[in-house]
Protein chains: 2
Amino acid sequence: MSEDKPEEQSNIIYLGKPEPVGFNSKTRFLPVINNTVARPLPVTSTQGPVKPATRRGRDERCDAVQNRQKVLQAARQLFAERGIQAVTMSDIAEAAEVGKGTLYRRFAHKGLLCQALMDHNTQAFQTEVLSGFGEAGRQATPLGRLQLFLKRLMAFTEENAGLLRAAFEANIDKGSTEFYSQASYDWLRMTMAVLIKEAIASGECRPNLDIDYLADALLAPFQVGLYLHQREVRGFSTERIQAGFEQLMRGILL
Amino acid sequence: MSEDKPEEQSNIIYLGKPEPVGFNSKTRFLPVINNTVARPLPVTSTQGPVKPATRRGRDERCDAVQNRQKVLQAARQLFAERGIQAVTMSDIAEAAEVGKGTLYRRFAHKGLLCQALMDHNTQAFQTEVLSGFGEAGRQATPLGRLQLFLKRLMAFTEENAGLLRAAFEANIDKGSTEFYSQASYDWLRMTMAVLIKEAIASGECRPNLDIDYLADALLAPFQVGLYLHQREVRGFSTERIQAGFEQLMRGILL
DNA sequence: GATTATAGTGGACTATAGTCCACTTGTCAA
DNA sequence: TTGACAAGTGGACTATAGTCCACTATAATC
């Protein structure tokens, strides 16, 4: 990773890692760290004052902070006006009144910019998961929480469909396998793995499962391209998808 | 679809459609139609003489046929020399000694060109599936054939990894949901659906499954980006993937 | 074999992504 | 305060994808 390039965040706090403990454990309700912007940001939000220092301990310059905000604001507005696909990086730079170098320094490509725009929603999602889904989650069994997680993932996909789609496309453009190395996917996978593990521990799932494989495999049907195809092109309802997935978890074999 | 644009093939012959009958039925061992090149081509191969006429009944011009061959040959060689990613469409046009207009008329983007280069392998795959996997298939139960199918799909993915990856990336570039509308994916899904249906009929799978949903969901873990990530980045063996998928089909619930 | 409609051709051209680097600004520490 | 230097900036520039269209070759028809 080069010195001056936008760095991909990796200090997300995972559920149950490195020593997975009970999902309900108080100690696990940790803050979620933003994982979508170019630089480490505080827990609060993309908007807030930037505290975390760079390698040498120097604060992010305030003109840089301003420019980041101008870029995000311009992108939000242009996306709303013309649709995400129709907006180019140059458009955004121009509307934000910054140079392309500045834009690309923060957001190496449109996908990362889209991820940054989803930041607030992403954090809400992560926080909810880490909090164990509030009251509903506390009353549920581990398997119930796994199902709550997937339901919440579907809702997240629905409400961020446009940005997720654009982010996916831009990320794939950088290499189709690298998508699965991203922190955001990693977080989904780790969360899924913990939830499966706990469902095994509670006796609701079979023992001796290949958890790491199954975490991937069970997330795969929710991959944004396929999910949106099912919803928009094939006309599947969310209920149908949920029910179908339920069948998958139960297994197709008699 | 505009008149002069490369058309995406759609006259694949599906297993068991529109009236699905027994997989073993002799009548179903139909020829497979090429689904990867810009124009309808005969069953035999991309190389063979071109017969099928255009809408008005005129044969494809022989200079066009030659140029198609020159393009494919040039692409094959350049891909081998420099790697697929490093070769641009202009490189290919230049090496094939044709103009860019000619190149794009046949292959609207690199993905379709990659698909055309896999054509031979794709046909071999489809033929094998339609033939019921030869002797091994005839001795297997419907569920056994479903497993043979997925094993063969994995082998196909392994042997065409580079082209599949490039084709996937280029296709996603045109819209992440459209990938799943392609004839090639459609063929996989329909095949999967028939195999599940037959396994239900034979009593090996639960009845009342949402076959159309499950066909997608069970193919999703084999999506090329995820599969190659598991193989190359995470170091999963093909055996591990097969075993994990077996667990998925059995269901994770106790 | 001449005619004609039209498929096919090629390369100039446009659009966009993304890089590069000389220059400017802000922060720190002396 | 100020000097040094890292961080940040912006726009010219390069690379590539993909379009467009005047022109050419050829298959079908007369």
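A helix here is a DSSP run of H or I at least four residues long, numbered from the N terminus. This tour uses such helices as its landmarks, and the model it walks through is a predicted one.

**Stop 1: one residue in a helix**

Select A64(B). This residue lies in helix α1 of chain B. Around A64(B) there are 15 other C-beta atoms within 10 Å, so the residue is partly exposed. Now add Q77(B) to the selection. The two residues are 13 apart in sequence, and their C-alpha atoms are 20 Å apart in space.

**Stop 2: chain A as a whole**

Show chain A alone. Its secondary structure consists of twelve helices and zero strands. Following the sequence from start to end, the pattern reads α-α-α-α-α-α-α-α-α-α-α-α. Chain A has 254 residues, and 37% of them are buried. Consider next the contacts in chain A with a separation of 6 or more: 65% of these are between residues 24 or more positions apart.

**Stop 3: the two copies**

Bring chain B back. Chain A is superposed on chain B by a rotation of 180° with 0.0 Å of shift along its axis, and the RMSD is 0.0 Å. The two copies are therefore related as by a two-fold rotation axis. To find this axis from chain A, select G251(A): its C-alpha is the nearest to the axis in that chain, at 1.6 Å. Both copies use the same surface, since 100% of the contact residues of chain A recur in chain B.

**Stop 4: the side of chain A that touches chain B**

How many residues does the contact take from each chain? It takes 46 residues from chain A and 46 residues from chain B. On chain A, select α8 (161–173), α10 (211–219), α11 (224–233) and α12 (238–250); each supplies at least two residues of the side that touches chain B. The one that gives the most is α12(A), with nine residues. Coloured by class, this side of chain A shows 25 nonpolar, eleven polar and ten charged residues.

**Stop 5: α12(A) against α10(B)**

Keep α12(A) and add helix α10 of chain B, residues 211–219. The two axes come within 9 Å and cross at roughly 65°. The crossing of α12(A) past α10(B) is right-handed. From α12(A), the contact uses R240(A), I241(A), G244(A), F245(A), Q247(A) and L248(A); from α10(B), it uses Y213(B), L214(B) and A217(B). By class, the contact has six nonpolar residues, two polar and one charged.

Stay on α10 of chain B and select L218(B), which is found in this helix. Is L218(B) buried or exposed? L218(B) is buried, because 24 other C-beta atoms lie within 10 Å, where 20 or more are needed to count as buried. Add L248(B) as well: L218(B) and L248(B) are 30 residues apart in sequence and 8.6 Å apart in space, C-alpha to C-alpha.

**Stop 6: α8 against α8**

Select α8(A) and helix α8 of chain B, residues 161–173. They pack at an angle of about 145°, and their axes are 9 Å apart. This crossing is left-handed. Which residues meet here? E169(A), I172(A) and D173(A) in α8(A) meet E169(B), I172(B) and D173(B) in α8(B). Two residues of this contact are nonpolar, none are polar and four are charged.

**Stop 7: DNA strand C**

Show DNA strand C with the protein around it. Of the 28 residues around the strand, those that come nearest are T88(A), G101(A), V98(B), G99(B) and G101(B). The elements giving two or more residues to this surface are α1 (62–82), α2 (89–96) and α3 (100–106) of chain A, along with α1 (62–82) and α3 (100–106) of chain B. Among these elements, α3(B) gives the most, with four residues. The surface near strand C has 14 charged, nine polar and five nonpolar residues.

**Stop 8: DNA strand D**

Move to DNA strand D, which 28 residues surround. The closest are V98(A), G99(A), G101(A), T88(B) and G101(B). At least two residues each come from α1 and α3 of chain A and from α1, α2 (89–95) and α3 of chain B. At strand D, α3(A) gives the most, with four residues. By class, the surface near strand D holds 14 charged residues, nine polar and five nonpolar.

How values were computed:
Residues numbered from 1 in each chain as written. Chains lettered and ligands numbered in written order. Predicted model: local features only at pLDDT ≥ 70, side-chain atom pairs only at ≥ 80, totals over all residues. Near = placed C-beta within 6 Å. Nonpolar A, V, L, I, M, F, W, Y, C, P; charged D, E, K, R; others polar. Least-squares fit on C-alpha atoms with pLDDT ≥ 70 in both. Contact = placed C-beta atoms within 7 Å. Axes fitted to C-alpha atoms, helices over the stretch in contact; angles between N-to-C directions. Left-handed = near helix turned anticlockwise from the far one by under 90°. Buried ≥ 20, exposed ≤ 12 C-beta atoms within 10 Å, placed from the backbone.
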